[in-house]
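Set the sequence beside the model before reading on. The text below goes through the sheets, the helices that cross one of them, and then the chain as a whole.

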Amino acid sequence: MQVKVGKTTHVSPSTPPFHQDHVLPLSHLDTDPNLRLSFRYLRAYLNSTSTTHPNPPSHVISTVLSAALVHYYPLAATLRRRPGDHRLEVFCAAGQAVPLVHATVDCTLDSLNYLDDPDAHFVEQLVPDPSPEEEGLVNPCVLQVTVFKCGGFTLGAAIHHSLCDGLGGTQFFNAMAELARGASRLSVEPVWDRASLLGPRDPPKVEVPIHEFLSLDKEFLPYSHASLGQVAREWFHVRDECLDHIKTLLFERSGLRFTTFEALGAFIWRAKVKASGVPGDENVKFAYSINIRKQVTPALPAGYWGNGCVAMYVNLSAKEVAEKPIWETAELIRKSKSNATDEYVRSFIDFQDLHYGDGITAGKRVSGFTDWRHLGHSTVDFGWGGPVTVLPLSRNLLGSVEPCFFLPYSSASAGRKDGFKVLVTLEESAVPAFREEMSKFSSPEFGWSCDAA
């Protein structure tokens, strides 16, 4: 299953989107130090017999990418650090382009179960991987089309997080998809205005306890893997029956009803902490991002495609995570959502403004969690139907080098349809203990494991 990489074309906007070189400022959410990374993921598409497309995938993607870049030309620009404060900014110049890698592979998507549970080495070849030296600054957006023997294909993307979050990226790909299906204009026009919509107040003021979650340390690099051993990607399968069981048990013990994210997130967090062997007195964090597009006043416009989420944290000692009843941890996760207010967002932005040069960090032992089951990926239809599989490859998220993703099963797979899957990244040495902890999720003794370690 060796991917054969062919040529790389550089796709420019189909018509010049501007007449003079210029700089676009980013928001203080865009320049959050935790977003200094390229986020990598892929979508897999079938060569469906119910659709007949006159052109091959590489041609279609190249053509609509060129057309969409007229509206989203910052994706073809370069990121650079501005003098003085070294914040990132977007430099737009004539002739800039998005690299599009063309590749093939001599096997079918069916033979790989539609990448529902893929080989880690193989799937890495389907998505561009910017070098650490470049950090995605020269080419903040790189795409790859890989065509399979069956005619199906994957669209891999590496997009610098400072330009957009997952929702913003999906907005861009939806624009490409609309054009591929014959639209003459975009249904949602992109909006920039980042510095004005999400800029600091004058004077900046921090009126919520941001310092409880974020600290200042110029020496700490959030995505340095030096302290980690060999890292593994572990799949965990969640059956609806087991999920309903945990929610019922937690309700019986607490009188509270929890979402899947709260209940399962609390369980996985405890399993990770216990498996990692973190000293009991060491602080650990549960981190996730929450969409604030409608929480701020005024709400962000519909076409805003910059980072529109802020990080939320639950901060405990490792001993507390290991020994607290699951429902108490789930309740802390739920309560943290109440921080998603306009004042929290404005204070978070002002904190970034006041301390950007001081090394803002969430610290070590951050477990990043995100739920990809309802992000609307199915709308990204280039004429072959929506993607049957969407898969993240990034190891870095929300200041965490051990992220956890909740993912739907492939819609094309003949295998599991009940429930969903969880992709967890953790140290390879911790995998056996993690598996043992997670086995309690579906065991008859689960009621006991809900209460204590």
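**Two open sheets in a predicted chain**

In this predicted model, 6 strands make up an open sheet with mixed pairing, in the order 1-6-7-8-3-15. Strand 1 (3-11) and strand 15 (389-392) are the edges; each has a single partner strand, so one side of each has no neighbour in the sheet. Between neighbouring strands of this sheet, the average turn is 20°, direction ignored.

At the strand 15 edge, the partner is strand 3 (residues 38-45), and the two pair in the antiparallel sense over 4 bridges. To find this pairing in the model, look for Arg-43, which stands opposite Val-390 in strand 15.

Two helices lie across strands of this sheet. Helix 1 (residues 57-68) lies across strand 1, strand 6, strand 7 (141-148) and strand 8 (153-160). Its direction is at about 160° to strand 7. Helix 3 (residues 166-180) lies across strand 3, strand 7 and strand 8, and runs at about 45° to strand 3. Strand 7 and strand 8 are thus named for helix 1 and again for helix 3.

Another open sheet has 6 strands in the order 10-17-16-14-11-12, and its pairing is mixed. Its edge strands are strand 10 (231-238) and strand 12 (309-317), each of which pairs on one side only. Neighbouring strands here are turned against each other by 20° on average, direction ignored.

Start at the strand 10 edge. Strand 10 pairs with strand 17 in the antiparallel sense, over 8 bridges. Arg-233 has Thr-425 in strand 17 as its bridge partner. Strand 17 (residues 420-427) also pairs with strand 16 (residues 404-407), again in the antiparallel sense, over 4 bridges. In that pairing, Cys-404 has Val-424 of strand 17 as its bridge partner. Is strand 17 buried or exposed? Of its 8 residues, 8 are buried, so strand 17 is largely enclosed by the rest of the structure.

At the other edge, strand 11 (residues 283-291) and strand 12 run antiparallel and are joined by 9 bridges. Val-284 stands opposite Leu-316 in strand 12. The backbone explains such pairings in general: strands of a sheet pair through backbone hydrogen bonds, either parallel or antiparallel.

Now step back to the whole chain. It contains 11 helices and 17 strands. Its C-alpha atoms fill a box of roughly 60 × 60 × 40 Å along the principal axes. A compact globule of 453 residues would have a radius of gyration near 22 Å, and the chain agrees with this because its own value is 22 Å. Of the 453 residues, 55% count as buried. The chain exposes about 19000 Å², of which carbon and sulfur atoms supply 51%. Among contacts with a separation of 6 or more, 82% join residues 24 or more positions apart.

How far the predictor trusts the model varies along the chain. The average pLDDT is 91, and 94% of the residues score at least 70. Among the elements, strand 6 (residues 98-105) has the highest mean pLDDT, at 98, and helix 11 (residues 446-451) the lowest, at 48. Over residues 448-453 the pLDDT stays under 50; for this stretch the model has 19 contacts beyond four places in sequence.

How values were computed
Residues are numbered from 1 along each chain as its sequence is written. This is a predicted model: local features need pLDDT of at least 70, side-chain atom pairs count only at pLDDT 80 or more; totals for chains, interfaces and linings use all residues. Side-chain values use heavy atoms; hydrogens and water are left out. Two strands pair if DSSP finds at least two bridges between them. Axes are lines fitted to C-alpha atoms, for helices over the stretch in contact, and angles run from 0 to 180 degrees between N-to-C directions. pLDDT is the predictor's confidence in each residue, from 0 to 100. Contact means heavy atoms within 4.5 Å. The radius of gyration is taken over C-alpha atoms; the globule rule is 2.2 Å times the number of residues to the power 0.38. Buried means under 20% relative accessible area, exposed over 50%, partly exposed in between (1.4 Å probe, protein chains only). Accessible areas come from the Shrake-Rupley method with a 1.4 Å probe; for residues, only the protein chains shown count as cover.
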